[in-house]
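Subject: Structure handover

Hello,

Here is the structure I said I would pass on. My notes on what was found in it follow below.

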Amino acid sequence: MTQYHVYGVGHALVDMELEVDNPFLARMGLEKGTMTLVNEKKQEELLCALPKAPVRRSCGGSAANTVIGVAQFGGRAFHSCRVAGDEAGAFYAQDLHANGVDNTLDHTGPGATGRCLVFITPDAERTMCTHLGISEQITPTSLVPERLAASAFLYVEGYLISSPTALQTALAAIALARQHAVQVAVTFSDVSMVRYFRPGVEALLQGGVDLIFCNENEALEFSATSDVNQAARQLRSVTHSLVITRGSQGALIDDGDGPVSIPGRVVQPVDTNGAGDLFAGAYLYGITQGMAAAEAARLACHAASVLVTHFGARLAPGQAQDILRM
């Protein structure tokens with residue numbers, strides 16, 4: 001019997017959301033709309049330069065946001081990551097558990113828990129500066145093989161490829177999944193991962209996977225094309241199923257029967273942080289509950305459109321169930 005619908009592997013980052021303007025990003029030398037890896041000192045400099053305090057704090061990381069989304073809709077999820085024995089690590093473990101995700105986090109060790117500054121500009125775009133902290137030291141020993149073997153899907157966060165040990169862990173998780181006939185889903189996570197860590201992306205996809213999530217920019221970058229349909233054809237050569245998110249334009253999916261466009265919902269966005277993560281969570285929930293790919297994608301588009309209308313990388317309590325009833 002399947003114990004979990006989704007087993008996630010990713011960086012453990014305490015997300016701190018902050019509202020800024022475009023000139024702030026320019027002054028700080030940050031490329032808008034991307035994720036930049038920085039050291040702890042740089043993060044502190046950015047915090048000191050902020051005109052106001054952080055808006056909110058939550059346990060995050062791409063895969064964590066996705067498995068929390070699965071749990072919010074009613075699915076069962078487990079997450080493997082690494083935190084330190086500091087206040088942030090204790091907060092992370094508590095917040096993950098409070099959001100309905102099982103984990104076996106040890107938050108007693110030395111080091112600093114990872115942290116991600118999420119800058120939200122007035123146009124709702126998110127720009128991230130991440131200090132991975134101890135999360136980049138995740139190793140295969142952080143995996144729980146018996147929980148992974150009892151899952152329908154393994155979900156691997158693309159950000160893991162930025163660290164050699166984290167990439168090794170991702171590859172070990174994929175090997176375990178294949179050994180136990182668990183389906184493998186991979187997300188590219190950010191265009192910077194494709195652009196600067198391409199060998200790592202290719203390593204994750206070696207031998208093919210069951211499902212790829214990426215946004216349009218990531219798909220175009222990976223395929224070295226300006227045509228999304230051509231990108232989809234190239235990506236389908238390494239995956240059984242493909243989902244390319246396209247913001248307000250919805251998504252392009254291919255579940256093996258050819259590409260299908262799923263329309264988006266027009267809303268007034270406030271904060272796009274976490275939209276792709278929640279899309280993946282809603283989609284994985286849908287297909288593990290027996291929905292067809294198109295139906296799951298429509299659910300995911302709806303969920304993402306609701307999320308971007310308020311601040312934060314996850315739905316408010318009860319919103320997921322409201323979406324299911326619509």
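Two strands count as paired if DSSP finds at least two bridges between them. By that rule, strand β1 (residues 4–9) and strand β5 (residues 77–80) are a pair: four bridges join them, in the parallel sense. Please keep in mind throughout that this is a predicted model.

The chain overall

The chain has 13 helices and 14 strands. Its radius of gyration is 18 Å, close to the 20 Å that the globule rule gives for 326 residues, so the chain is as compact as a globular protein of that length. Along the principal axes, the C-alpha atoms fill a box of roughly 50 × 40 × 40 Å. Of the 326 residues, 56% are buried. The accessible surface comes to about 13000 Å², and carbon and sulfur atoms account for 51% of that surface. Taking contacts between residues at least 6 apart in sequence, 75% join residues at least 24 apart.

The nine-stranded sheet

Strand β1 belongs to an open sheet of nine strands with mixed pairing, in the order β6-β5-β1-β9-β10-β11-β12-β13-β14. At the edges stand β6 (101–102) and β14 (259–262); each has a single partner strand, so one side of each is left without a neighbour in the sheet.

As the order shows, β1 sits between β5 and β9. On the β5 side, Val9 has Ser80 as its bridge partner. Towards strand β9 (residues 151–157), β1 runs parallel and is joined by five bridges, with Val6 opposite Phe153. β1 is also mostly covered, since six of its six residues are buried.

Further along the sheet, strand β11 (residues 209–215) and strand β12 (residues 239–245) run parallel and are joined by six bridges. There, Asn215 of the pair stands opposite Thr245 in β12. As background, strands of a sheet pair through backbone hydrogen bonds, either parallel or antiparallel.

Salt bridges

The structure holds 10 salt bridges. Three of them are described here.

The first to look at is Arg115 with Glu44, where the closest N and O atoms are 2.7 Å apart. Arg115 lies in strand β7 and Glu44 in helix α2 (residues 40–49), so this pair ties together parts that are 71 residues apart in sequence. Is Arg115 buried or exposed? Buried means under 20% relative accessible area, and Arg115 has 19%, so Arg115 counts as buried. Glu44, at 35% relative accessibility, counts as partly exposed. Leaving out residues up to four places away in sequence, Arg115 touches Leu13, Val14, Met16, Gln43, Glu44, Leu47, Cys129, Thr130 and His131. Glu44, the salt-bridge partner, is thus one of the residues in that list.

Next is Arg57 with Glu87, with 3.0 Å between the closest N and O atoms. This pair also links distant parts of the chain: Arg57 is in strand β4 (residues 56–60) and Glu87 in helix α4 (residues 87–98), 30 residues apart. Arg57 is partly exposed, with a relative accessible area of 39%.

The last of the three is between the side chains of Glu221 and Arg195, at 3.7 Å from N to O. Glu221 is in helix α9 (residues 216–223) and Arg195 in helix α7 (residues 191–196), and the pair links these distant parts, 26 residues apart. Glu221 is partly exposed at 29% relative accessibility, and Arg195 is partly exposed at 35%.

Helix α11

Helix α11 (residues 275–288) has 14 residues. From its first C-alpha to its last the helix reaches 20 Å, close to the 20 Å expected at 1.5 Å a residue. How many of the residues in α11 are buried? The count is 12 of 14, and α11 is accordingly mostly covered. Among the buried residues are Leu278, Phe279, Tyr283, Leu284 and Tyr285, and also Asp277 and Thr288. After the helix comes Gly290, which has a positive phi, near 95 degrees.

Regards

Key
Residues numbered from 1 in each chain as written. Predicted model: local features only at pLDDT ≥ 70, side-chain atom pairs only at ≥ 80, totals over all residues. Heavy atoms only, no water. Helix = DSSP H or I, 4+ residues; strand = E, 2+ residues; numbered from the N terminus. Expected span 1.5 Å × (residues − 1). Buried < 20%, exposed > 50% of the residue type's maximum accessible area, 1.4 Å probe, protein only. Contact = heavy atoms within 4.5 Å. Rg over C-alpha atoms; globule rule 2.2 N^0.38 Å. Areas by Shrake-Rupley, 256 points an atom, 1.4 Å probe, with all protein chains shown as cover. Salt bridge = Lys/Arg side-chain N within 4 Å of Asp/Glu carboxyl O.
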